[in-house]
Amino acid sequence: MLLEIDHLNVRYEKAVLINDLSMGVDTGELVSLVGPNGAGKSTSLRAITGLVAWEREIKRRSTAGEIHIEGKVTFDGQRIDHVPAHEIVRMGLVLCPERRRPFREMTVLENLMAGAYLQKDKKKNQDTLSKVYDLFPVLKERSKQISGTLSGGEQQMLAIGRAFMSDPKLLCIDEPSTGLAPKTRAEVFEKILQINRLGITILLVEQEVSTVFKMTKRNYVLSSGKIIAQGTGEELMEDEIIRKTYLGL
Amino acid sequence: MNIIITGLITGSMLALLAIGFSLIFGVARIVNIAHTAFYMVAGYIIYYLSIRLGLNVILSMLIAVVAVTLLGLLAYKFLIDPIREHELAVMIATIALALIFQEVTLQIFTGDYLSVYFLIKGYFIIGGNKVFYQQLLTFGVVLVILLVIWFLLMKTRLGLAIRSTAEDREVANLMGMNESRLAMITLGISVALAGVTGAVIVPLAVLSPYMWTEPLILMMAVVVLGGLGSIKGSFVAAYILGFTEALVTFLIPAGAFLKGPVALSIMILVLLIRPEGLFGIAFEEER
Ligand SMILES: Nc1ncnc2c1ncn2[C@@H]1O[C@H](COP(=O)(O)OP(=O)(O)O)[C@@H](O)[C@H]1O
Ligand SMILES: [Mg+2]
């Protein structure tokens, strides 16, 4: 397993956000993590990429409520549950965050370069950049544009492109289709498949279950911080309770 | 003519101060009230080294900038960093710091007005007004420093990391940028800028232990007018205020006393009409 999460628990004060979560992603896979709003999908991604721990340090300093994290996370054969967020990226575990969050005041190219911050090899950087431009020609066209003025779809492409610039082994993408028009959604999903075909493992968090299940071989269903089911899209859709209660279909 | 020269010099000085102040606010949300006090300390160090010890003035300036930067980093490490997530506590701590600098200066140098010599003497006359070479020198040096800062921020890897962290420190973290180290580096740059401002202005200024308060108010007005956290805004607003100041001083009898009130009025007006300032970002929720 490239990524292995073993009995992960996250609590904010008394609230249990992640409850004994265990899951794994194998090299080359495209795996989805789905579930209703507030299930803890984003928190899971934030926990494995070190952001929850980072937030915990901030809260400790400001005495604004305690965060507890327990459990073991292994990536590429190494324990990462005590590695700071900015070093986890270096190992190849990269998160494309919820709500896209481009650096709005910077140009498209500057955003991409920020993604490549750790890559000091200029040549390799240029190679990755041309890969991103091949995947997202619109980013090349708009490379000098201030990213805050891009459309929602373009901002999502930029966010994915920027994460791609960090040279991921495993790319976690949090709700890329939210708030986009149907046509743009389809395009975004197509790009994600293309990235996966380039050999990059993907863990995809989504609400748009019907499309996602056509792309994946394996899925996890999360509800109230717990994995309540896993399997292929077909298997999950056959289960009436899961389909109705957790997937809203 | 005097208005233009004074406006340019005051504007440039304010730009240097405001950019430094904005930088560390943007990156670490630190409201450093002691920012202009560092500028004062630099002034006194230069005075002490060059006048009392007789060192070369330019050497004294270099030493002063380095010393003030180190002092800033020490203050950050032991005073600010431990309480960095409490914005209000940080502000109070920096007020205390400024007052400490003021009192220590008062003890060592007394409250007498002191000054340092011009680096270059002489003047020329344009349109019946004296323009001192020192004024030109100061202005030129400030422009060079502004260019260097612009280059650092816009064209280097460190600058990219600083701007990223200022915009969204969590996402910057996700790109591998070490946010707390960047905060420290930015504080160093910020205080160094305050020190440099002190160094370039000291030949034109009169030193007193209270000299940090007036530029503090002007600088805050600049930052509010330009938009909190916006470097470009600070730059433009600094010159607007610099010229306003010069106009008020020269056109209104006893206008020098009105500097502070005028700056404050501008600040309040901006806050009422356009709280995000000229170029400011309406701050988004961080997550
Ligand atoms: N910073 C936080 N502090 C406290 N509770 C939070 C925080 N972030 C998220 N939550 C809560 O944790 C739960 C899971 O949130 P999240 O992981 O964002 O869900 P999802 O991404 O599946 O919609 C929600 O009930 C949310 O209200
Ligand atoms: Mg979410």
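Here are legends for several close-up views of a predicted model.

**View 1. Two helices of chain A, H4 and H7, packed against each other.**
Start with the pair itself: H4 covers residues 108-115 and H7 covers residues 152-165. Two packed helices are described by the angle between their axes and the distance between the axes. Here the angle is about 35°, and the axes are 6 Å apart. As H4(A) passes H7(A), the crossing is right-handed. Which residues make the contact? From H4(A) come Val108(A), Asn111(A), Leu112(A) and Gly115(A), while H7(A) brings in Leu158(A), Gly161(A), Arg162(A) and Met165(A). Sort these residues by type and you get four nonpolar, three polar and one charged.

**View 2. The magnesium ion (ligand 2) and the residues that coordinate it.**
Look for two side chains here: Ser42(A) reaches the magnesium ion with its OG atom, and Glu98(A) does so with OE, at 2.0 to 2.4 Å. The pair links distant parts of the chain, with the two residues 56 residues apart. Ser42(A) belongs to helix H1 (residues 41-48) of chain A, and Glu98(A) to the loop between strand E6 (93-96) and H4 of chain A. Is Ser42(A) buried or exposed? Its relative accessibility is 15%, and buried means under 20%, so Ser42(A) counts as buried. Glu98(A), at 32%, is partly exposed.

**View 3. Aromatic rings meeting in chain B.**
How many aromatic pairs does a search of the whole structure find? Over all chains there are eight. One of them joins Phe118(B) and Phe132(B), an edge-to-face pair with 5.5 Å from centre to centre and 80° between the planes. Phe118(B) sits in the loop between helix H4 (87-109) and strand E1 (123-126) of chain B, and Phe132(B) sits in strand E2 (residues 129-132), so this pair ties together parts that are 14 residues apart in sequence. Phe118(B) is partly exposed, with a relative accessible area of 27%, and Phe132(B) is partly exposed too, at 26%. Then find Phe124(B) and Tyr133(B): this pair is tilted, with 45° between the planes and 5.6 Å from centre to centre. Phe124(B) is partly exposed at 24%, and so is Tyr133(B) at 36%. There's a cluster to spot as well, with ring pairs linking Tyr44(B), Tyr47(B), Tyr48(B) and Phe109(B).

**View 4. Buried residues of helix H6 in chain B, and what covers them.**
H6 of chain B covers residues 157-167. Follow the helix and you'll meet a run of buried residues: Gly159(B), Leu160(B), Ala161(B), Ile162(B), Arg163(B), Ser164(B) and Thr165(B). What covers them? The cover includes helices H1 (2-28), H5 (133-155), H7 (169-174) and H8 (179-201) of chain B. It also includes H4 of chain A, the helix that packs with H7(A) in View 1.

**View 5. Gly11(B) and a residue from far along the sequence.**
Gly11(B) is in helix H1 of chain B. With a relative accessible area of 0%, Gly11(B) is buried. Now find Gly242(B): the two glycines are 231 residues apart in sequence, but 3.9 Å apart in space from C-alpha to C-alpha. Leaving aside neighbours within four places in sequence, Gly11(B) is in contact with Thr6(B), Ala238(B), Tyr239(B) and Gly242(B).

**View 6. Ser190(B) and the residues it touches.**
This serine is part of helix H8 of chain B, one of the helices that help cover H6(B) in View 4. Ser190(B) is buried, with a relative accessible area of 1%. Not counting residues up to four places away in sequence, Ser190(B) touches Gly20(B), Phe21(B), Ile24(B) and His35(B).

**View 7. Positive phi at His7(A) and at Arg99(A).**
Most residues other than glycine have a negative phi. His7(A) has a positive phi, near 50°. His7(A) is found in strand E1 (residues 3-12) of chain A and is partly exposed, at 44% relative accessible area. For Arg99(A), phi is near 65°, again a positive value in a residue other than glycine. Arg99(A) lies in the loop between E6 and H4 of chain A, the loop that holds Glu98(A) from View 2. Arg99(A) is partly exposed, with a relative accessible area of 46%.

Conventions. Residues are numbered from 1 along each chain as its sequence is written. Chains are lettered from A and ligands numbered from 1 in the order in which they are written. This is a predicted model: local features need pLDDT of at least 70, side-chain atom pairs count only at pLDDT 80 or more; totals for chains, interfaces and linings use all residues. Side-chain values use heavy atoms; hydrogens and water are left out. Axes are lines fitted to C-alpha atoms, for helices over the stretch in contact, and angles run from 0 to 180 degrees between N-to-C directions. A crossing is left-handed if the near helix is turned anticlockwise from the far one by less than a right angle, and right-handed if clockwise. Contact means heavy atoms within 4.5 Å. Ala, Val, Leu, Ile, Met, Phe, Trp, Tyr, Cys and Pro count as nonpolar, Asp, Glu, Lys and Arg as charged, and the others, Gly among them, as polar. Donors are N, O and S atoms within 2.8 Å of the metal (3.2 Å for Na, K and Ca); water is not among the atoms, so sites may look incomplete. Buried means under 20% relative accessible area, exposed over 50%, partly exposed in between (1.4 Å probe, protein chains only). Rings of Phe, Tyr and Trp (its six-membered ring) pair if their centres lie within 6.5 Å; planes under 30 degrees apart count as stacked, over 60 as edge-to-face and the rest as tilted.
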